[in-house]
Amino acid sequence: MWSPVSSMLVCLTTTLATPWMDASLSPATRADKLLAVLSRSEKIAMTFATHTSSSHAKQHNATGIGAVKYMSAFKCSSKRPEDCVEQRNTLQHLFLQSSNHSIPISFINEGLHGGASGGTIFPEPITQSLTWNSTLVKLIGAAIAAEASAIGVDTGVCPRHWCPPLTHQ
């Protein structure tokens with residue numbers, strides 16, 4: 001039966017067993033503690049992102065995996081986006097339960113002109129740039145981020161280019 005005391009004990013036990021999950025420590029200290037217990041193969045696995053099905057991602061649950069491409073991993077319906085979220089949560093739960101270190105998967109998705117299956121599709125960035133309206137482009141980016149976040153995507157991937165200012169002589 002749940003009680004505040006049993007809940008505190010579970011949190012304390014988890015923090016003692018996985019000190020890198022202790023939010024009172026600095027990020028650098030937490031990273032050092034985690035890196036100290038990861039094997040070489042686990043560290044390598046954390047750099048890998050699968051862009052295929054969730055069944056392929058599940059093959060990596062022994063060592064963990066850095067990221068799963070959201071739209072490739074799940075069968076999503078634009079009519080029921082919650083099915084996609086359910087599949088994501090099931091896969092995340094599997095990795096958290098089978099991981100020796102309680103490391104969650106990062107769910108990534110391309111976010112150039114839309115962030116979610118069944119979500120809004122905006123013009124490609126090259127077309128957006130033709131508006132010369134940076135406020136509009138920022139609003140599009142915010143909408144893409146909100147839609148992606150709503151279905152559990154935690155990292156949007158899109159190129160960003162820097163170009164020095166042009167000077168006319």
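Right at the start of helix 8, a side-chain oxygen of N133 comes to within 3.2 Å of the backbone nitrogen of T135. Keep in mind that this is a predicted model.

So how does helix 8 carry on from there? The helix covers residues 134-150, and with 17 residues at 1.5 Å a residue the expected span is 24 Å; the end C-alpha atoms are 24 Å apart, so the two agree. Just past helix 8 comes G152, which has a positive phi, near 100°.

Now for its two sides. Which residues of helix 8 are buried? They are I140, I144 and A148. Looking down the helix axis, the buried residues of helix 8 fall within an arc of 65°, which means that they line one face. What do they pack against? Their partner is helix 7, residues 125-129. Turn to the face pointing away from that buried side and you meet exposed residues: T135, K138, L139 and A150. T135, then, is exposed and also offers the backbone nitrogen that the N133 side chain reaches.

Stepping back, the protein chain has eight helices and four strands. Read from the N terminus, they come in the order α-α-α-β-α-β-α-α-β-α-α-β. Here are some figures for the chain as a whole:

| Property of the protein chain | Value |
|---|---|
| Buried share of the 169 residues | 25% |
| Share of contacts (separation of 6 or more) between residues 24 or more positions apart | 53% |
| Share of the accessible surface belonging to carbon and sulfur atoms | 63% |

That accessible surface comes to about 11400 Å².

Key
Residues numbered from 1 in each chain as written. Predicted model: local features only at pLDDT ≥ 70, side-chain atom pairs only at ≥ 80, totals over all residues. Heavy atoms only, no water. Helix = DSSP H or I, 4+ residues; strand = E, 2+ residues; numbered from the N terminus. Expected span 1.5 Å × (residues − 1). Buried < 20%, exposed > 50% of the residue type's maximum accessible area, 1.4 Å probe, protein only. Arc of directions from axis to C-beta. Contact = heavy atoms within 4.5 Å. Polar contact = N/O pair within 3.5 Å; in protein donor to acceptor, adjacent residues only side chain to side chain. Areas by Shrake-Rupley, 256 points an atom, 1.4 Å probe, with all protein chains shown as cover.
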